[in-house]
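Here are my notes after going through the coordinates. Have the model open while you read, since the points hop between residues.

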Amino acid sequence: MLNLKLITLEKKTVYTEGILIDDLSGRVICNTLEDPIRFPYADSELEHPEYKVPSQTAIPSGTFNLCLHRSKSLGKFTIMLLNVPNFSYILMHYGRTIENTSGCILCGKRSGPGLLVDIGMTDYLVSLFQSELSKGVIQILR
């Protein structure tokens with residue numbers, strides 16, 4: 001089973017930067033870029049859903065199951081997070097800036113503040129997930 005961990009590194013007013021780690025090996029897989037964290041404390045969105053702005057809010061802390069998803073908009077398979085409270089259709093895919101996400105986790109190599117470059121991470125994550133019999137979880141730490 002694939003065990004991923006997303007650790008937040010930078011919380012900015014317009015974006016959130018982090019790293020994605022293979023939790024079993026401890027190996028850093030890639031950098032991540034998400035919408036800003038809009039709630040004052042990591043778990044308070046669960047008690048205060050008014051802090052969530054649809055398609056413009058980072059995912060709260062927690063552990064979530066993963067599945068393989070065929071994205072029509074991306075034209076390829078990607079990884080989807082399941083059962084995230086107050087969120088739906090959260091994918092892990094490449095995007096250069098925060099303008100390329102609607103609440104998804106962008107994956108790539110950091111090239112500057114709030115910027116990623118494509119290193120084939122979407123396809124790599126799908127391959128990694130499939131090698132683990134398409135079972136996995138991600139733990140998000142804010």
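1. Let's start with Gly136, which counts as buried because its relative accessibility is 5%, below the 20% cut-off for that class. Gly136 belongs to strand E9. Keep in mind that this is a predicted model.

2. What does Gly136 touch, leaving out residues up to four places away in sequence? The list is Met1, Leu2, Phe64, Asn65, Leu66 and Phe129. Asn65 deserves a closer look: the C-alpha atoms of Gly136 and Asn65 sit 6.0 Å apart, although 71 residues separate the two in sequence.

3. Stepping back to the fold as a whole, I see two helices and nine strands. Reading from the N terminus, the order is β-β-β-α-β-β-β-β-β-α-β. Long-range contacts are well represented too: of the contacts between residues at least 6 apart in sequence, 47% join residues at least 24 apart.

4. The overall dimensions raise no flags for me. A compact globule of 142 residues would have a radius of gyration near 14 Å, and the protein agrees with that at 14 Å. The C-alpha trace spans about 40 × 30 × 30 Å along its principal axes. Of the 142 residues, 49% are buried. The exposed surface comes to about 7200 Å², with 52% of it supplied by carbon and sulfur atoms.

5. Strand E7 is a good place to look at the pairing. E7 pairs with E3 in the antiparallel sense over three bridges, and within that pairing Thr32 has Cys107 of E7 as its bridge partner. With strand E6 (residues 90-93), E7 runs parallel, over two bridges; here Met92 stands opposite Ile105.

6. E7 also pairs with strand E8 (residues 115-117), antiparallel and over three bridges. Lys109 stands opposite Val117 of E8. The hairpin of E7 and E8 has two residues between the strands, and Gly114 takes a positive phi near 70 degrees there. That glycine is worth a glance when you check the backbone of the turn.

7. Asn31 in strand E3 has plenty to do with E7 residues. A polar atom of the Asn31 side chain lies 3.1 Å from the backbone nitrogen of Arg110. Beyond its neighbours within four places in sequence, Asn31 is in contact with Gly18, Ile19, Leu106, Cys107, Gly108, Lys109, Arg110 and Leu116.

8. Now the charged pairs: how many salt bridges turn up in a search of the whole structure? There are five, and I'll go through some of them. Arg110 makes one with Glu17, with the closest N and O atoms 3.1 Å apart. That pair links distant parts of the chain, Glu17 being in strand E2 (residues 16-22) and Arg110 in strand E7 (residues 105-112), 93 residues apart. The two partners sit in unlike surroundings: Glu17 is buried, with a relative accessible area of 8%, whereas Arg110 is partly exposed at 40%.

9. Arg142 and Glu34 form another salt bridge, 2.9 Å from N to O. Arg142 lies in the segment after strand E9 (136-141) and Glu34 in strand E3 (residues 28-34), so this pair ties together parts that are 108 residues apart in sequence. Are these two residues buried or exposed? Both Arg142 and Glu34 are buried, so each has under 20% relative accessible area.

10. Lys76 and Asp123 make a further salt bridge, at 3.3 Å between the closest N and O atoms. Again distant parts of the chain are linked: Lys76 is in strand E5 (residues 76-81) and Asp123 in helix H2 (residues 121-131), with their positions 47 residues apart in sequence. Lys76 counts as partly exposed at 29% relative accessibility, and Asp123 counts as partly exposed at 44%.

11. If you have time for just a couple of views, I'd pick these. One is Arg110, whose side chain meets Glu17 in a salt bridge and whose backbone nitrogen lies 3.1 Å from the side chain of Asn31. The other is Arg142, which is buried and pairs with Glu34.

Definitions and conventions. Residues numbered from 1 in each chain as written. Predicted model: local features only at pLDDT ≥ 70, side-chain atom pairs only at ≥ 80, totals over all residues. Heavy atoms only, no water. Salt bridge = Lys/Arg side-chain N within 4 Å of Asp/Glu carboxyl O. Helix = DSSP H or I, 4+ residues; strand = E, 2+ residues; numbered from the N terminus. Buried < 20%, exposed > 50% of the residue type's maximum accessible area, 1.4 Å probe, protein only. Polar contact = N/O pair within 3.5 Å; in protein donor to acceptor, adjacent residues only side chain to side chain. Contact = heavy atoms within 4.5 Å. Pairing = 2+ DSSP bridges. Rg over C-alpha atoms; globule rule 2.2 N^0.38 Å. Areas by Shrake-Rupley, 256 points an atom, 1.4 Å probe, with all protein chains shown as cover.
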